Amino acid sequence: MAHFLGLGLTHYPLLAGTDDHMASLLRWTLADPDIPETAKDPSNWSGPMRREWGADKGVTAAAEHRKALVDNLARCRAALDEFEPDVVVVWGDDQYENFREEVVPPFCVLAYDDLRVEPFELMTERGSPNAWGLPDDTTITVRGSSDTGRWLTSELIERGFDMAYSYRKRADAAFPHSIVNTQLFLDYPDAGSAFGHPLLPITVNCYGPHVIARRGGLVTFAQSIGERLDPVGPSPARCFALGRAVAQAFAATDLRVALVASSSWSHAFLVDKTWRLTPDTDSDLRLYGLLTDADWEAWQTTTTSDLIASGQQEMLNWFCMTGAIAELGLELSWSELVLTSVFNSNKCFAIYAEEEGGPR
């Protein structure tokens with residue numbers, strides 16, 4: 001008989017860097033000449049945003065933000081270790097990493113063997129030292145689940161999902177940071193090196209219209225004018241349905257399966273209506289209420305255009321995970337939404353468990 005655990009967490013790249021770089025996305029955005037000076041003037045910001053920004057442009061507040069994230073990640077890791085999974089299914093976005101102009105699958109099972117990866121590639125590209133003070137070219141082993149990945153792909157195809165699969169990462173490209181950072185952050189004290197649970201990543205084309213157009217990076221307002229947009233990615237409802245199908249497939253096994261959504265929520269650099277300065281916190285709070293109430297009917301009415309308008313593209317990973325926990329009837333045992341105006345994105349954490357007293 002299968003057993004399940006659900007987890008939601010962030011893979012916020014700047015958590016891997018030092019405090020003085022944690023607000024670098026906002027600093028970069030403030031240099032955009034097409035953003036009105038009134039919007040960039042801290043005297044016009046909200047009180048919480050001014051306090052976070054402070055006199056040192058977010059450096060002091062970064063330590064407090066880091067502590068909140070690391071404490072919540074530790075809580076998720078403790079639940080994962082207690083559960084003792086056979087496999088950790090991780091839904092994460094691929095931002096012009098494995099998948100580029102040659103092919104962009106809506107979903108892809110990464111049926112990989114063990115792989116050595118460099119977790120600090122993004123930090124090195126940004127000129128930021130990593131938070132652990134380790135060499136830039138440090139490597140860690142991501143344990144793979146190739147046989148389980150092959151099996152799951154067949155199961156999903158038989159359930160009506162024309163699922164892509166991959167046996168090997170793109171040469172000379174970074175491994176998807178949403179997956180690497182999941183291991184890195186769940187094993188924060190040891191920078192990912194002591195994480196022994198095998199991962200089965202399922203990548204999601206969260207960025208849809210911008211995945212190739214922006215090549216996984218940032219653009220100014222001027223650069224976004226006249227963009228040649230890409231096709232949309234999978235809808236929130238389709239992601240929810242995929243989660244259900246994954247749960248159904250594993251339910252027929254005797255495996256212990258952790259189901260992980262890896263992403264922050266609204267990303268400031270994607271929210272045009274806030275001049276890309278702050279996340280769409282009101283929208284995050286509305287969806288967080290639906291999440292904690294387990295109102296999956298209302299949750300699924302979210303559209304692709306809703307997510308794009310609020311910079312919540314990466315929440316498609318959460319729609320996958322919640323589809324699985326809805327199918328399985330897992331109970332929300334704990335959750336927290338960490339809000340910020342300065343550090344690019346609000347971060348949600350959640351633990352879903354089988355009913356207390358149920359089979360173990």
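Me: Which residue takes a positive phi just after helix 13?

Reply: Gly329 does, with a phi of about 70°. Keep in mind throughout that this is a predicted model.

Me: How many residues of helix 13 are buried?

Reply: A residue counts as buried when its relative accessible area is under 20%. In helix 13, 11 of the 13 residues are buried, so the helix is largely enclosed by the rest of the structure. The buried residues are Leu316, Asn317, Trp318, Phe319, Cys320, Met321, Thr322, Gly323, Ala324, Ile325 and Ala326.

Me: What span should helix 13 have, and what do its end C-alpha atoms give?

Reply: The expected span is 1.5 Å times one less than the number of residues. For the 13 residues of helix 13 that gives 18 Å, and the end C-alpha atoms are 19 Å apart, which agrees.

Me: Take one residue of that helix. Why does Cys320 count as buried?

Reply: Cys320 lies in helix 13, residues 316–328. Cys320 counts as buried because its relative accessibility is 0%.

Me: What does Cys320 touch, leaving out residues up to four places away in sequence?

Reply: Cys320 touches Trp91, Phe107, Val204, Cys239, Phe240, Leu242 and Gly243. Sequence separation and distance in space are read separately: Cys320 and Ala247 are 73 residues apart in sequence, while their C-alpha atoms are 10 Å apart.

Me: Val204 is on that contact list. Which way do the residues of strand 7 point?

Reply: In a regular strand the side chains alternate between the two faces of the sheet. In strand 7, Leu199, Pro201 and Thr203 point one way, and Leu200, Ile202 and Val204 point the other way. Strand 7 covers residues 199–204, and six of its six residues are buried.

Me: In which sense does strand 7 pair with strand 2, and in which sense with strand 3?

Reply: Strand 2, residues 87–93, pairs with strand 7 in the parallel sense over six bridges. Strand 3, residues 107–110, pairs with strand 7 in the antiparallel sense over three bridges. Val204 is the bridge partner of Asp93, and Val204 is also the bridge partner of Phe107.

Me: Which strands pair with strand 10?

Reply: Strand 1, residues 3–9, is joined to strand 10 by four bridges, and the two run antiparallel. Strand 9, residues 331–338, also pairs with strand 10 in the antiparallel sense, over seven bridges. To find the register, look for residues that stand opposite each other: Leu7 stands opposite Ile351, and Ser335 stands opposite Ala350. Strand 10 itself, residues 347–353, has six of its seven residues buried.

Me: Now a residue outside helices and strands. Where is Ser145, and is Ser145 buried or exposed?

Reply: Ser145 is in the loop between strand 5 (140–142) and helix 6 (146–158). With a relative accessible area of 9%, Ser145 is buried. Beyond four places away in sequence, Ser145 touches Val87, Tyr112, Pro198, Leu199 and Leu200.

Me: Is Lys40 buried or exposed?

Reply: Lys40 is buried, because its relative accessible area is 11%. Lys40 is placed in helix 2, residues 37–40. Its contacts, not counting residues up to four places away in sequence, are Leu30, Asp32, Pro33, Ile35, Trp45 and Leu277.

Me: How many cavities of 30 Å³ or more are there?

Reply: Rolling a probe the size of a water molecule over the atoms shows where empty space is left. Here the count comes to seven cavities of 30 Å³ or more. The largest cavity has a volume of about 110 Å³. It is lined by 13 residues, and closest to its centre are Pro119, Glu121, Leu122, His177 and Asn181. Helix 5 and helix 7 each supply at least two residues of that lining. By class, the lining has nine nonpolar, two polar and two charged residues.

Me: Which residues line the second largest cavity?

Reply: The second largest cavity is lined by Gln95, Tyr207, His210, Val211, Arg214, Gly216, Gly217, Phe269 and Leu270. It holds about 80 Å³ of space.

Me: Which residues lie nearest the centre of the largest pocket?

Reply: A cavity has no way out for the probe, whereas a pocket is open. The largest pocket holds about 540 Å³ of space. Of its 28 lining residues, Gln95, Leu122, Arg126, His177 and Gly216 lie nearest the centre. The lining divides into 11 nonpolar, nine polar and eight charged residues. Helix 5, residues 121–125, gives the largest share of it, three residues.

Note on methods: Residues are numbered from 1 along each chain as its sequence is written. Side-chain values use heavy atoms; hydrogens and water are left out. On a 1 Å grid over the protein atoms alone, a cavity is a set of points where a 1.4 Å probe fits but cannot get out, and a pocket is an open set with protein on both sides within 12 Å along at least five of seven lines; lining residues have an atom within 4 Å of a point. Grid points are joined across faces, edges and corners, and a volume is the space filled by probe spheres set on the points. Ala, Val, Leu, Ile, Met, Phe, Trp, Tyr, Cys and Pro count as nonpolar, Asp, Glu, Lys and Arg as charged, and the others, Gly among them, as polar. Buried means under 20% relative accessible area, exposed over 50%, partly exposed in between (1.4 Å probe, protein chains only). Contact means heavy atoms within 4.5 Å. Two strands pair if DSSP finds at least two bridges between them.
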